[in-house]
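I opened this entry to look up how the parts of the structure meet one another. The notes follow in the order in which I went through them.

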Amino acid sequence: MSGSGGPGGLGELRVLSAGPHALVVELADGEHAEAFHAELLRRRERGELPAVRDIVPAARTVLLDGIADPTPGARGRLARELASWRVEPLRREGGEPVEVPVIYDGPDLDEVAALWGVGADEVAALHSRTAFRVAFCGFAPGFGYLTGLPERLHVPRRTIPRTRVPAGAVALAGPYTGVYPRPSPGGWQLVGRMPDPGILWDPGREPAALLVPGTPVRFVPVEAGKAAALPAPRAGDLQADSRADA
Amino acid sequence: MIPVAGRHLHVVRPGALTTVQDAGRPGHAHLGVGRAGALDAPAARLANRLVGNPPDAAVLETTLTGCAVRPDRPVVAVVGGAGCRVTVDGRPVAWGAPVRVPAGAVLDAGPAGTGLRSYLAFAGGLVPDPVLGSRSADLLSGLGPAPLSAGDELPLGEPASGGPPPSAGPVPWPGAPAELVLPVHPGPRDDWFTEAALRTLLTAAYRVSPHSNRIGLRTEGPPLERSRTEELPSEGMVLGAIQVPPDGCPVVFLNDHPTTGGYPVVGVVPERALAAAAQAVPGTRLRFVGA
């Protein structure tokens, strides 16, 4: 089950079968996958998509899982339709970003600065100037893979992963920036930390994750002693936390 | 002796691994949240039906060695799924059928004689706080109630008025498979494997590995050779996906599987075939066949 993309500038597009109720749409790269995911959400919003339980974006694919198939062949028809879509290129600017405060004092700051060819004090400026977008989630509940850094600022993972990365650590690997919602092992380069990581994941909130796929994000540099004066990031009704020196 | 009045189950013997499970939390995969839920879903639903619960009420799922609990009020319970000896205060009672457990009595589901996972359903269900609409423990992400420990207390819900449905005689419980046969839908990444590997998958004799868990059914058998060796960028994973890690031995993803993964999926086992996988003890012969 595969088809080539329509004439809408999407380039290579393949629709792959993933069991009786799921399709994987494979795009040429992450940028196209994000655009295709955004289009899926737009069409679902408009009621133009058959009932699908999960739409799961990833590095260069979007998984449609739990496709309700009331009539034989409905999944095949959806596959053919997806392959024919014309999708607008992604617009990175526009939309109010979620602002994530960061204290840029991570243990890998010097290494990242060296890889970028800048001084350690310039990492915060370069990183916080970037318009990020949550491409997808994975690894742990509420862990978002944020894209937006230009290719020259992509960095490799650490050769030896850490056995414990603290909650709120702001980290880089490959094209991605991520923020660990809770302590876990991790191999990404740590450049900073959120003063208030509790807001990343709150099962009592809708949505539970602060960084939902498609969300525009900006990192706002703050100094360690001044984190308490920050307004909370805008995300529904979440509460500011006073753990200023976490 | 009843420590306190209330509506709780006290955990006397947690067994090797006993978790609270319901129908799970589908629909949150885009947030990195997996489905979880009872691995042998038909067994959990049947146990619930026999105590008069809705099919998605929360039950206990044991692993190999059973568990023992003591309710602090009288409750009707059913032990189903994997076959085991069931006692109330040491006295043998029926497996797979409703039994009345007096307040303060110990309901013991013994080690599985056939199969792997027994299900304990209680009239009214277990009602720990739900997370994203489900009371299921997800052992990969840590969401939901922690696995049971001795001394834990689990809140019990109010039974539906009218009580359990009238007994309609013995009900059929599928037994544990002597040989596990899993149908396979090829894809999405069958083209990352050699022709020989695809033939091997559908013809070779595998066994269920003792390293299997709620995340995946691991296998022992001939490794599958890849035709493409580059790294697969992370992509969404479905329940039943047959992921092939670098050692080449297929892993069938069960309910606590990661939502995204970076090893190619050669094929997918349909959900309805996974209940048998949940009851296959380590060492069980396993064949994959074309769906």
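For the first count I took a salt bridge as a side-chain nitrogen of Lys or Arg within 4 Å of a carboxyl oxygen of Asp or Glu. This is a predicted model, in which local features need pLDDT of at least 70 and side-chain atom pairs count only at pLDDT 80 or more, while totals for chains, interfaces and linings use all residues. Residues are numbered from 1 along each chain as its sequence is written, chains are lettered from A and ligands numbered from 1 in the order in which they are written, and side-chain values use heavy atoms, with hydrogens and water left out.

Chain A against chain B. I found 2 salt bridges between chain A and chain B, and I noted that Arg14(A) pairs with Asp191(B), with the closest N and O atoms 3.4 Å apart. On the side of chain A that touches chain B, I listed 22 nonpolar, 5 polar and 7 charged residues, where Ala, Val, Leu, Ile, Met, Phe, Trp, Tyr, Cys and Pro count as nonpolar, Asp, Glu, Lys and Arg as charged, and the others, Gly among them, as polar.

Domains of chain A. The bounds, which come from an automatic or database domain assignment, give domain 1 (13-83) and domain 2 (98-229); their centres, taken over C-alpha atoms, are 29 Å apart. I counted 1 salt bridge between these two domains of chain A, and I also looked up the salt bridge of Glu34(A) with Arg133(A), whose closest N and O atoms are 2.7 Å apart.
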